[in-house]
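Here is a short set of exercises to work through with the model open beside you. Try each task before reading its solution.

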Amino acid sequence: RRRLNAHTTPQAIAIAIRRGEISCSRRPLTTARSLTPRERQSMALMIRGLGDAQIAKQLGSSKPTFDQDLLNVLQKLQAKSRNHAVYLLFQQGVLR
């Protein structure tokens, strides 16, 4: 089993989940399905290892707009961090 800490990147969490090093039980979380397509795309780019500015550029927006999108995701998921959000989205099958 892999140990996670505050410095584990979203990309590393995604890889660990895909490899089975972190298990994600499937439990209902309706808020994960309430994300907009743009918010889902932002999170998908995050787990590819892109930085905030790179994600904003890929989405055709500014970094402050991306920052707001990320805050919206954290609020909708009731996540404590972007890493927690990534975990929750994998748990619900929103990200793979």
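The exercises below concern a predicted model, and each comes with a worked solution.

**Exercise 1. Getting the overview**

Find how many helices and strands the protein chain has, and what share of its residues is buried.

*Solution.*
- Step 1: Count the elements. The chain has five helices and zero strands, so the pattern along the sequence reads α-α-α-α-α.
- Step 2: Look at burial. Of the 96 residues, 43% are buried.
- Step 3: Look at how contacts span the sequence. Taking contacts between residues at least 6 apart in sequence, 63% join residues at least 24 apart.

**Exercise 2. Finding the core**

Work out which helices supply at least two residues each to the largest nonpolar core, and where Leu 77 fits in.

*Solution.*
- Step 1: Start with the core itself. This core contains 27 residues, and those with the most contacts inside it are Met 43, Ile 55, Leu 77, Ala 85, Leu 89 and Phe 90.
- Step 2: Assign the helices. At least two core residues come from each of α1 (10-19), α2 (37-47), α3 (52-59), α4 and α5 (82-91).
- Step 3: Place Leu 77. This residue belongs to helix α4, which covers residues 63-77.
- Step 4: Check its burial. Leu 77 has a relative accessibility of 3%, so it counts as buried, the cut-off being under 20%.
- Step 5: Look across to Leu 88. Leu 77 and Leu 88 are 11 residues apart along the chain, and their C-alpha atoms are separated by 7.5 Å.

**Exercise 3. Describing a helix pair**

Decide whether α4 and α5 are parallel or oblique to each other, and name the residues that meet.

*Solution.*
- Step 1: Recall what is needed. Two packed helices are described by the angle and the distance between their axes.
- Step 2: Take the values. The axes of α4 and α5 come within 10 Å and cross at roughly 60°.
- Step 3: Classify the angle. The two helices are therefore oblique to each other, and α4 passes α5 in a left-handed crossing.
- Step 4: List the partners. From α4, Leu 70, Val 73, Leu 74 and Leu 77 meet Arg 82, Ala 85, Leu 88 and Leu 89 of α5.
- Step 5: Sort them by type. The contact residues are seven nonpolar, no polar and one charged.

**Exercise 4. Following Phe 66**

Determine whether Phe 66 is buried or exposed, and which residues it contacts beyond its neighbours in sequence.

*Solution.*
- Step 1: Locate the residue. Phe 66 sits in helix α4.
- Step 2: Read its accessibility. The value is 1%, so Phe 66 counts as buried.
- Step 3: Find the contacts. Beyond four places in sequence, Phe 66 touches Ser 42, Met 46, Asp 52, Ile 55, Ala 56 and Ser 61.
- Step 4: Turn to α2. Its buried residues include Glu 39, Ser 42 and Met 46, and the cover over the buried residues of α2 includes α1, α3, α4 and α5.
- Step 5: Add a distance. Phe 66 and Glu 39 lie 27 residues apart in sequence, with 8.9 Å from C-alpha to C-alpha.

**Exercise 5. Spotting positive phi**

Identify which residue has a positive phi although it is not a glycine.

*Solution.*
- Step 1: Set aside the glycines. Gly 20 follows α1 with a positive phi near 85°, and Gly 49, just after α2, has one of about 95°.
- Step 2: Recall the background. Most residues other than glycine have a negative phi.
- Step 3: Name the residue. Gln 78 has a positive phi of about 55°.
- Step 4: Place it. Gln 78 is in the loop between α4 and α5, and at 66% relative accessibility it counts as exposed.

Technical notes. Residues numbered from 1 in each chain as written. Predicted model: local features only at pLDDT ≥ 70, side-chain atom pairs only at ≥ 80, totals over all residues. Heavy atoms only, no water. Helix = DSSP H or I, 4+ residues; strand = E, 2+ residues; numbered from the N terminus. Buried < 20%, exposed > 50% of the residue type's maximum accessible area, 1.4 Å probe, protein only. Core = buried A, V, L, I, M, F, W, Y, C linked by side-chain atoms within 4.5 Å. Axes fitted to C-alpha atoms, helices over the stretch in contact; angles between N-to-C directions. Parallel < 35°, antiparallel > 145°, perpendicular 65-115°, else oblique. Left-handed = near helix turned anticlockwise from the far one by under 90°. Contact = heavy atoms within 4.5 Å. Nonpolar A, V, L, I, M, F, W, Y, C, P; charged D, E, K, R; others polar.
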